[in-house]
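This report walks through one protein chain for a reader who has the sequence and the coordinates at hand. It moves from charged pairs to nonpolar packing and ends with a helix.

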Amino acid sequence: MPHTELTEAALAAFLDAFYGKVRRDPLIGPVFAGRIPDADWPHHMARVTDFWSSVLLKTGRYKGNPFGRHLGIGGLAPDHFARWLGLFEETAAEFFDAPLAGDIAGRAHRIGDSLKAGLFFRPDLAGVR
């Protein structure tokens, strides 16, 4: 039965399932594996959960710079974001009813669009080699 309300427990279960898919994915799994050793996943999941709790539940727990964290990832490309968002939407649809899943996925798309714009569409760097 899909969740009709977003709670901390539902969010944590969703994120665990989602990042399980991410880690197994042939396109984006290696990107994560190259940056996050298995032993560091609990810490990463705590930060990710704080981030999404702050974004979706307005808890204010996340104190970081997601753009800066992604800026340092070599080899990151727009197709990685598309795959991440596809898995995010898929998992949201499995965990939450349609309106709530749509709201959650919509927020992820807005954040992803902002990150992609900052990482890949940089007119200030055009022509700089």
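A residue is called buried when its relative accessible area is under 20%, exposed when that area is over 50%, and partly exposed in between. By that standard Arg61, at 34% relative accessibility, counts as partly exposed. The model discussed here is predicted, and the protein chain averages a pLDDT of 90, with 93% of the residues scoring at least 70. Confidence is highest in α1, at a mean of 97, and lowest in α4, at 73, a point to keep in mind when reading what follows.

**Salt bridges**

The structure holds seven salt bridges, and three of them are set out in the table, each with the distance between N and O atoms.

| Pair | N to O distance | Relative accessibility |
|---|---|---|
| Lys21 and Glu94 | 2.9 Å | Lys21 15%, Glu94 48% |
| Asp38 and Arg23 | 2.6 Å | Asp38 62%, Arg23 37% |
| Asp50 and Arg61 | 2.8 Å | Asp50 25%, Arg61 34% |

Lys21 forms its salt bridge with Glu94; because Lys21 belongs to helix α1 (residues 8-24) and Glu94 to helix α5 (residues 78-95), the pair ties together parts that are 73 residues apart in sequence. Lys21 is buried, having a relative accessible area of 15%, whereas Glu94, at 48%, counts as partly exposed.

Asp38 and Arg23 meet through their side chains in another salt bridge, and this pair links distant parts of the chain, with Asp38 in the loop between α2 (29-35) and α3 (41-57) and Arg23 in helix α1, 15 residues apart. Asp38 counts as exposed at 62% relative accessibility, while Arg23, at 37%, counts as partly exposed.

In the salt bridge between Asp50 and Arg61, Asp50 lies in helix α3 and Arg61 in the loop between α3 and α4 (66-71), so the two tie together parts that are 11 residues apart in sequence. Asp50 is partly exposed, with a relative accessible area of 25%. Which residues join Asp50 and Arg61 in a wider network of salt bridges? Glu8 does, and the three residues are linked in that network.

**Surroundings of Ser53, Leu11 and Thr49**

Glu8 also leads to Ser53, a residue of helix α3, since the side chains of Ser53 and Glu8 make a polar contact at 2.7 Å. Ser53 counts as buried, at 0% relative accessibility, and, leaving aside its neighbours within four places in sequence, it is in contact with Glu8, Leu11, Lys58, Thr59 and Arg61.

Leu11, found in helix α1, is buried with a relative accessible area of 0%. Not counting residues up to four places away in sequence, Leu11 touches Leu6, Thr49, Trp52, Ser53, Leu56 and Leu57. Thr49 in turn lies in helix α3 and is buried, with a relative accessible area of 15%; outside its neighbours within four places in sequence, Thr49 is in contact with Leu11, Leu15 and Arg61. Arg61 thus appears among the contacts of Ser53 and among those of Thr49.

**Nonpolar cores**

In soluble globular proteins, nonpolar side chains tend to be buried together. Here the largest nonpolar core has 30 residues, and those with the most contacts inside it are Phe14, Tyr19, Trp52, Trp84 and Phe96. Helices α1, α3, α5 and α6 each supply at least two residues of this core. Tyr19 touches Phe32, Trp41, His44, Met45, Val48 and Trp84, not counting residues up to four places away in sequence. Apart from the largest core lies another, of five residues, among them Leu76, Phe81, Leu115 and Leu119.

**Helix α6**

Leu115 and Leu119 are also among the buried residues of α6, a list that includes Leu100, Ala101, Ile104 and Gly112 as well. How far apart are the end C-alpha atoms of this helix, which has 23 residues? Helix α6 (residues 98-120) should span 33 Å at 1.5 Å a residue, and its end C-alpha atoms are 31 Å apart, which agrees with that expectation. At the N-terminal end of α6, Asp97 acts as a cap, with a side-chain oxygen 3.2 Å from the backbone nitrogen of Leu100.

Technical notes. Residues numbered from 1 in each chain as written. Predicted model: local features only at pLDDT ≥ 70, side-chain atom pairs only at ≥ 80, totals over all residues. Heavy atoms only, no water. Helix = DSSP H or I, 4+ residues; strand = E, 2+ residues; numbered from the N terminus. Expected span 1.5 Å × (residues − 1). Buried < 20%, exposed > 50% of the residue type's maximum accessible area, 1.4 Å probe, protein only. Polar contact = N/O pair within 3.5 Å; in protein donor to acceptor, adjacent residues only side chain to side chain. Salt bridge = Lys/Arg side-chain N within 4 Å of Asp/Glu carboxyl O. Core = buried A, V, L, I, M, F, W, Y, C linked by side-chain atoms within 4.5 Å. Contact = heavy atoms within 4.5 Å. pLDDT = per-residue confidence, 0-100.
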